[in-house]
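Trainee: I would like to learn how to read strand pairing and cysteines in a model. Please take me through an example.

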Amino acid sequence: MTDRSEWTGRVGESWAREWQRTDRSFGPVTDVLLAQAEARDFASAVDIGCGAGEMTLRLGEKHPYARVLGLDVSEDLVEQARGRTAGLPNVRIELGDAAGWQAREGERPDLLVSRHGVMFFDDPVGAFASLARTAQTDARLVFSCFREPRENGWVRALRSALPRQDGPPADPDAPGPFAFGRSERIRQILSDAGWRDIAIEPLDYPMLVGEGGDAIEDALSYFLRIGPAARTVAMLEGPEREVTLARLRGVVEDHDEAGRVALPAAAWIVTARAPA
Ligand SMILES: C[S@@+](CC[C@H](N)C(=O)[O-])C[C@H]1O[C@@H](n2cnc3c(N)ncnc32)[C@H](O)[C@@H]1O
């Protein structure tokens with residue numbers, strides 16, 4: 001499972017190199033999150049776990065009179081986000097852990113957004129309680145996260161191609177991409193942390209992983225750099241590696257439609273309000 005320490009190292013590095021393809025894979029999620037975020041005016045927004053900064057950039061560009069802060073623990077991703085937002089005077093990118101982050105005086109956010117960046121806290125209730133304290137009264141929270149692996153066709157497809165993992169099943173609530181897979185857990189965490197008016201809606205979307213002249217190679221190389229296949233294949237050698245690569249190619253080919261490779265993905269779109 002990917003936790004905070006991995007983001008500060010190897011995983012953050014890969015995401016910083018692959019930002020164009022990760023942004024592409026989140027396309028429909030980004031549109032829904034932006035629509036929710038922009039449904040009301042805001043003066044000061046923070047993008048939690050901003051990664052390479054697409055959400056920060058899009059909010060900052062469209063709302064030049066609002067202050068937009070991107071916050072992330074990965075130096076590589078912060079550098080990338082700073083480069084992408086360099087021309088925007090209303091945008092700042094900070095290196096830091098959102099779990100204990102305190103807004104500067106006069107910059108308390110009235111909007112907190114996150115595209116898949118809030119599932120990696122060791123103590124999620126503590127982190128969301130701290131965010132509620134530093135936010136303005138009534139601030140809006142808008143984030144996305146994956147639903148459970150079994151609901152995500154892309155996970156099932158990749159797992160079918162990878163060697164079986166022996167050993168006890170992993171803790172589904174451990175920090176990582178699927179830690180917020182169950183909506184009851186999200187609701188409990190947020191309400192224990194003091195957030196209210198919690199709404200959790202499913203979003204099913206096609207996760208676009210390959211397109212262009214060689215969509216299949218595009219998708220395969222993406223899966224070998226980002227996500228569960230990248231991690232497993234990196235540990236394989238010899239014939240097992242060859243067999244696994246052939247199976248992954250099969251999965252990608254099965255999802256190629258007219259030069260676009262997309263796999264089914266399932267997310268939650270979560271909204272809430274900070275304590276009064
Ligand atoms: C799945 S990536 C999503 C990145 C970005 N929001 C996007 O949509 O491209 C998760 C991000 O959360 C960041 N992250 C993980 N734990 C964090 C923490 N405690 N504080 C701030 N950022 C964190 C990671 O470094 C990573 O950039």
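Mentor: Start with a hairpin: strand 7 and strand 8 form one with 2 residues between the strands, and A258 there takes a positive phi near 50°. This is a predicted model, in which local features need pLDDT of at least 70, side-chain atom pairs count only at pLDDT 80 or more, and totals for chains, interfaces and linings use all residues. Residues are numbered from 1 along each chain as its sequence is written, and side-chain values use heavy atoms, with hydrogens and water left out.

Trainee: What counts as a strand, and when do two strands pair?

Mentor: Strands (E, at least two residues) are DSSP runs, numbered from the N terminus. Two of them pair if DSSP finds at least two bridges between them. Strand 7 (residues 256–257) pairs with strand 8 in the antiparallel sense over 2 bridges, with D256 opposite V261.

Trainee: Which residue of strand 8 is the bridge partner of D204?

Mentor: The partner is A266. Strand 6 (residues 196–211) runs antiparallel to strand 8, joined by 13 bridges. Strand 5 (residues 140–146) also pairs with strand 8 in the antiparallel sense, over 7 bridges; there V142 is matched with T271.

Trainee: How many residues of strand 8 are buried?

Mentor: Buried means under 20% relative accessible area, exposed over 50%, partly exposed in between (1.4 Å probe, protein chains only). In strand 8 (residues 260–273), 10 of 14 residues are buried.

Trainee: How many disulfides are there?

Mentor: A disulfide is a pair of cysteine sulfur atoms within 2.5 Å. The count is 0. C50 is in none, and its nearest cysteine sulfur, that of C145, is 18 Å away. C50 is buried at 8% relative accessibility, and C145 is buried at 0%.

Methods: Helix = DSSP H or I, 4+ residues; strand = E, 2+ residues; numbered from the N terminus.
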